[in-house]
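Dear colleague,

I am handing over the structure below. Please look through it before reading the notes that come after it.

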Amino acid sequence: TFTAISKKHLENLQIPLPPVGEQRKIVAKLEKVLGKIKKAKKLREEAQTAAGSLLAAELHKIFEEGKKKFEMTNFGEVADLVRGPFGGSLKKEIFVSTGIAVYEQGNVIDNVLDDFRYFVTQKKYEEMKRFEVSSGDILMSCSGTIGRFVIIPKMFRKGIINQALLKITPMENIIVEYLKYALQDYLALSTTHIKGGAIRNIVSVKELKQFKIPLPPLTEQK
């Protein structure tokens, strides 16, 4: 909450001052607690990694079994894919203080759909209707942190996607959650990783439309 902390403010700050022996006891207790917190954070990170691996393995198993049981179809036949506009279409000088929201990469990565940095006018929105967000769309991050997803709920802020996102609109013969899991499984197999876990490349929208997924009846999808 401070833009700056002055030397005078620090000099006048009051703190409890126990004897040196008591100070050492307090420090030892705090370091013990901080050590436990550090260990707990490490365990949580390991658990999250393990859970991610288990989910990926289970997803792959389910879809591999589905390939044996059900008709295969191209992804582009069950969903409409729209990549965000070129960066030049959404320059900062066109943004306004309030209006139609611009969905960014951060909204998808953090799964935050009620907080936006940029807005456009109604006129600009009408010009960019192709990139309009609708309930039931899947938004996918396509730059930097690639392959994160969010499903647009029934209640959402009217807006358009920016250049770092891909909008995936399911057709009537597939439910959105099934489509998302199928996409997650495919991306887990098709991305190339470099040192540190960063994704070096990813399939193009054209290739994405052509990959095949099992398409069971809607009741089986559910």
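What follows describes the core, the strands that take part in it, and a patch on the surface.

This is a predicted model, in which local features need pLDDT of at least 70 and side-chain atom pairs count only at pLDDT 80 or more, while totals for chains, interfaces and linings use all residues. Residues are numbered from 1 along each chain as its sequence is written, and side-chain values use heavy atoms, with hydrogens and water left out.

The largest nonpolar core (buried Ala, Val, Leu, Ile, Met, Phe, Trp, Tyr and Cys residues joined through side-chain atoms within 4.5 Å; buried means under 20% relative accessible area, exposed over 50%, partly exposed in between, with a 1.4 Å probe and protein chains only) has 24 residues, and Phe75, Met140 and Ile213 are among those with the most contacts inside it. Elements giving two or more residues to this core include β5 (138-141), β8 (165-170) and α5 (176-190), with helices (H or I, at least four residues) and strands (E, at least two) taken as DSSP runs numbered from the N terminus. The largest share, six residues, comes from α5.

Five of the six residues of β8 are buried, so this strand is largely enclosed by the rest of the structure. Strand β8 pairs with β2 in the antiparallel sense over five bridges, and four bridges join β8 to β5, also antiparallel; strands count as paired if DSSP finds at least two bridges between them.

Elsewhere, valine 33 lies in helix α2 and is partly exposed, with a relative accessible area of 42%.

Best regards
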